[in-house]
Structures are given as structure tokens and as C-alpha cells.
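Let's take a walk through this structure together, moving from the overall layout to individual side chains. Keep the 3D view open beside the text as you read.

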Amino acid sequence: MEDKIAIKVSHVDKVYQLYDKQSDRVKEALGLSRKNRHKDHYALSDVNLSIKQGECVGIIGTNGSGKSTILKIITGVLTPTKGTVEVNGRISALLELGAGFNPEYNGIENIYLNGTMIGFTEKEIDEKLQDILDFADIGEYVYQPVKTYSSGMFVRLAFALSINIDPEILIVDEALSVGDVFFQAKCYHKFEEFKQKGKTILFVSHDLSTISKYCDRAILLNKGKKLGEGSPKEMIDTYKQVLVGQYQIPDEDGSSLLEDRDIKEKAAGTMKKSTLPEGMVKDDTLEYGSKKAEITECYITDEKGTRTSAVIKGSEFTIHMGVRFLEDVQSPIFAFTVKNSKGTEITGTNTMVEKAFLESVSAGTEKVITFKQRATLQGGEYLISFGVTGFEGEDFTVYHRLYDAIDLTIISDKNTVGFYDCESKVKVETRKKEKEKKIIPYRQEG
């Protein structure tokens with residue numbers, strides 16, 4: 001049986017006309033100018049995407065990449081300049097803080113206003129009202145005008161309304177970032193419930209660990225173009241390359257677009273498979289950088305100094321990297337990060353944070369860097385990435401970076417909750433009862 005499509009976006013453009021002066025806009029509108037006085041700005045350019053029912057998909061990209069624009073077009077807030085959008089299912093969207101709320105109305109009145117706009121009857125809203133209020137949990141403020149709300153209360157009420165109207169498709173644009181940690185946890189728990197019910201979720205977030213944890217797929221946008229789509233791990237790695245200016249923006253014909261499993265092959269020349277000697281790193285290790293410095297080796301040793309990829313939980317181990325400098329570099333930074341199998345970055349450090357090395361290095365120098373650790377991670381499989389970076393003036397520069405270069409297995413007979421063991425020293429005692437004090441009644445003499 002073929003998967004049903006919840007959202008299909010085909011060849012969508014969104015073009016805004018930009019004018020240098022307001023008078024140019026007026027002249028062009030009145031036909032007083034023979035030439036165009038505007039410049040076309042493509043907020044989106046030939047974007048295609050397809051989301052299946054029951055998928056949780058995240059959209060990532062730098063500011064101005066078109067993330068919010070595509071969500072507004074899908075929800076009907078904006079009209080595309082070109083292309084088509086097909087949506088199958090009832091949408092509930094949380095796009096901007098308080099969007100659709102009347103600031104003069106109180107919380108209850110806005111619930112009924114928005115519910116009616118979505119298509120619910122007053123009776124249906126009555127039935128859902130208590131669930132909305134319980135989830136929002138803003139107390140008596142619900143009877144106050146929403147213009148008096150804090151940003152946290154705003155998003156609580158808006159999200160509570162969005163998820164309690166039983167949508168088939170939920171769309172969220174970064175709004176959860178203003179909620180407190182407890183409310184965010186409650187929202188993401190609701191995401192899990194939605195996924196189990198087979199509902200579709202599409203959301204934008206700058207929190208890459210959230211994308212990695214909750215999404216089945218990720219879509220990467222940059223300057224209005226779709227750079228690629230695929231597993232969250234692949235897209236996050238590529239996004240980091242974009243952030244440091246090490247990714248070549250797609251050509252006009254889209255020839256360098258990254259698609260699903262082809263990401264590693266199509267990114268050749270920008271992010272490519274490692275050229276380190278066979279057996280030193282994983283076969284699918286990706287690398288990029290200016291190559292003013294090169295990572296020549298990376299490996300792990302256990303507490304006895306033996307090379308290994310498996311470490312016993314609680315023991316000490318050391319992460320090693322060797323670096324050769326091909327040019328003079330001012331104050332290089334040596335770093336490693338640890339990810340789980342889903343691509344979530346769990347921990348990591350570098351020599352600048354640790355204040356371990358702040359010197360300049362001349363061409364031809366080779367450095368050996370060691371990070372001594374205690375294995376407090378939970379038992380499981382992990383990936384370690386390495387990097388040599390630095391600042392040239394105010395610009396952050398990557399000289400060489402190896403993604404997911406080596407495996408790390410933590411062997412454990414005791415796994416607790418989360419990523420790390422708290423190494424708690426636990427003691428349970430029986431409380432001793434206090435001796436009952438004898439009360440001697442007061443007697444008045446005589």
C-alpha cells in the first residue's frame with residue numbers, strides 16, 4: 001500500500017519586489033516609469049518537497065533561508081508567486097507568537113475566536129475548552145486581555161489551542177523556544193503522542209538536538225533554495241558546513257543539490273569521504289576544510305594505553321589526534337565531539353575552552369593532542385568527530401574537520417537514565433523514632 005501524502009509542494013517560488021526608494025514604488029505602480037525600478041528577491045526558489053502522513057519532518061537553515069515563508073505558504077497565510085501546494089488533512093499551525101489572537105480579547109474569548117475560524121462549532125469548543133485550559137496552565141490570566149500576557153503565557157495558550165483541536169497536521173515555527181523548560185517538555189511529549197497516533201508534524205527549529213531526536217527526516221534550506229533532504233544526521237552535518245562557509249551554494253540548474261542517500265557522493269569537493277589511510281577512520285567518514293592544517297591520525301586508548309574502540313564504563317580512556325600544519329596558523333583550536341547513533345551531539349570540548357593551548361603554529365609543525373576522559377556515558381555505541389579550527393580576524397575558519405571518524409563502544413552492566421551516569425553514592429536508612437517526652441502535668445501547690 002502506497003504511503004499517503006499529507007503535504008506536497010511543487011516548484012514553489014515566492015518573490016518580493018524590493019525598491020531603493022518609496023517614490024520608485026509609487027512611480028512603477030502608477031506607470032510613470034518605462035523601466036522596472038524594483039529588484040526581485042526570491043525568498044523561495046523552485047522548492048519541492050513531499051511529506052507523508054504520519055511523518056515528523058524538521059526544516060533547518062540559517063536566518064533568511066525561507067523556513068518561515070514555506071510554512072506560511074503551506075498554511076495559506078501567504079500565496080506563492082509560482083508553483084502549487086497540496087494539503088490533505090486539517091492543519092493546526094503555530095507560526096508566530098499570538099498570530100490570530102485579538103489583543104483586546106481575553107484568553108477564553110480568543111479560544112472561541114480561533115476555534116470558530118478553524119471551523120469548530122461553539123459546542124465543539126465547549127467540549128475541548130477544559131483540555132485547552134489544563135494544558136495552557138496559565139490560571140486566572142485566561143480571563144485577562146492577552147495584550148497583558150508575557151511571551152511565555154502567549155505561547156502556552158496558543159500551543160494548547162493548536163494541539164487540542166485534534167488536527168491531522170501540526171505545523172510549528174520556532175515558537176516553543178520562548179516557553180520554559182517544563183512547558184517545552186510537555187509539548188515534546190505531545191509530539192510523541194501525535195506520532196503514535198499517525199499524525200503529521202512539520203516544524204522549524206534552530207535546536208538541532210530536537211531535530212535529531214524527534215524527526216524522521218530533515219529538510220535543509222539556504223537562501224531560498226532546498227539544499228537537500230534526508231536523515232536528520234546527514235542534514236545537520238551539511239548544515240554545519242553551511243554555517244562555516246564551507247558548502248558551495250547550488251548552481252542555478254540545481255546540479256549540486258543534495259538528495260537523500262546521494263548526499264555523500266553529490267557533495268564531493270565540498271564535503272567528501274576522508275582521504276586518510278585505510279583503516280584509520282570509518283569508511284563513510286566525511287571531511288572538509290581549507291586544509292591549512294590536516295588531521296593525520298585519531299584513535300582511542302584504554303587505561304592501560306592499548307588502542308581500542310571499546311571502553312568499560314567508569315574506567316579512564318584517552319582520545320588522541322595528530323595534526324600537521326601546512327601553513328602558519330594563529331592560535332589553532334583542537335576539538336572533538338561525541339554523538340549518539342541518531343546524530344545528537346552529547347558532549348565534546350576543545351583546547352580553547354580548556355585553556356590548554358593558545359599559541360600560534362608555523363608551517364611544517366606537527367602536534368599531538370590528547371584528551372583524557374572518564375567513561376561516564378551510558379553503555380552503547382557512539383561516534384567521535386574531530387576538528388582543527390580557528391579565528392582569522394573575526395571570521396571563524398575550519399582548517400580540517402572529520403565527521404563521525406571513529407566508533408566508541410561503552411561496555412556497561414549498569415545503565416541509568418539519559419546519556420550520563422550521575423555516579424551517585426546512594427544510601428538508604430531507616431529514620432530513628434524520637435523518644436517520646438514525658439509530659440508532667442503542672443500542679444499548683446496548695
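How many helices and strands are there in the chain? The chain has nine helices and 20 strands. Before going further, please keep in mind that this is a predicted model. Of the 446 residues in the chain, 45% are buried. Contacts also reach far along the sequence: among those between residues at least 6 apart, 69% join residues at least 24 apart.

A good place to begin is an open sheet of three strands, with the order 13-15-18 and antiparallel pairing. Strand 13 (293-301) and strand 18 (366-374) stand at its edges, and each has a single partner strand, so one side of each is left without a neighbour in the sheet. Neighbouring strands here are turned by 15° against each other on average, direction ignored. As a general reminder, strands of a sheet pair through backbone hydrogen bonds, either parallel or antiparallel. Look now at strand 15 (residues 316-325), which is joined to strand 18 by nine bridges, the two running antiparallel. One residue to pick out is Arg324, whose bridge partner in strand 18 is Glu366.

From strand 18, step back into the loop between strand 17 (345-350) and strand 18, where you will find Ala363. Is Ala363 buried or partly exposed? With a relative accessible area of 41%, Ala363 is partly exposed. Ala363 and Phe325 are 38 residues apart in sequence, yet their C-alpha atoms are 5.2 Å apart in space. Leaving aside residues up to four places away in sequence, Ala363 touches Phe325, Leu326, Glu327 and Asp328.

Next, a hairpin. Strand 8 (residues 217-222) and strand 9 run antiparallel and are joined by five bridges. Ala218 stands opposite Gly230 in strand 9. The hairpin has two residues between the strands, and Lys223 takes a positive phi near 50°. How many of the six residues of strand 9 (residues 225-230) are buried? Six of the six are buried, so strand 9 is largely enclosed by the rest of the structure.

Among the helices, helix 2 (residues 67-75) is mostly covered, with seven of its nine residues buried. The buried residues in helix 2 are Lys67, Thr69, Ile70, Leu71, Lys72, Ile73 and Ile74; you may like to notice the two lysines in that list. After helix 2 comes Gly76, which has a positive phi, near 90°.

Now for the aromatic side chains. A search of the whole structure finds 11 aromatic pairs. In one of them, the rings of Phe159 and Phe191 have their centres 6.2 Å apart and their planes at 55°, so the pair is tilted. Phe159 belongs to helix 5 (residues 151-163) and Phe191 to helix 6 (residues 181-196), and the pair links parts of the chain that are 32 residues apart. Both Phe159 and Phe191 are buried. Another tilted aromatic pair is formed by Tyr288 and Tyr403, at 5.9 Å centre to centre and 40° between the planes. Tyr288 lies in strand 12 (residues 286-288) and Tyr403 in strand 20 (residues 395-411), so this pair ties together parts that are 115 residues apart in sequence. Tyr288 counts as buried because its relative accessibility is 3%, under the 20% limit. Tyr403 counts as buried too, at 4% relative accessibility.

Returning to Phe159 and Phe191, you can trace a wider group: ring pairs link Phe135, Phe159, Phe191, Phe203 and Tyr214 into a cluster.

Rings also take part in contacts with charges. Which ring does the charged end of Arg307 sit over? It is the ring of Tyr299, with the charged end of Arg307 3.5 Å from the ring centre. Likewise, the charged end of Lys199 sits over the ring of Phe194, 5.8 Å from its centre.

Our last stop is the cysteines. How many disulfides does a search of the whole structure find? The search finds zero disulfides. Cys187 is buried, with a relative accessible area of 0%, and Cys298 is buried with a relative accessible area of 3%.

Note on methods: Residues numbered from 1 in each chain as written. Predicted model: local features only at pLDDT ≥ 70, side-chain atom pairs only at ≥ 80, totals over all residues. Heavy atoms only, no water. Pairing = 2+ DSSP bridges. Helix = DSSP H or I, 4+ residues; strand = E, 2+ residues; numbered from the N terminus. Axes fitted to C-alpha atoms, helices over the stretch in contact; angles between N-to-C directions. Phe/Tyr/Trp six-rings, centres within 6.5 Å; stacked < 30°, edge-to-face > 60°. Buried < 20%, exposed > 50% of the residue type's maximum accessible area, 1.4 Å probe, protein only. Lys NZ or Arg CZ within 6 Å of the ring centre and 35° of its normal. Disulfide = S-S within 2.5 Å. Contact = heavy atoms within 4.5 Å.
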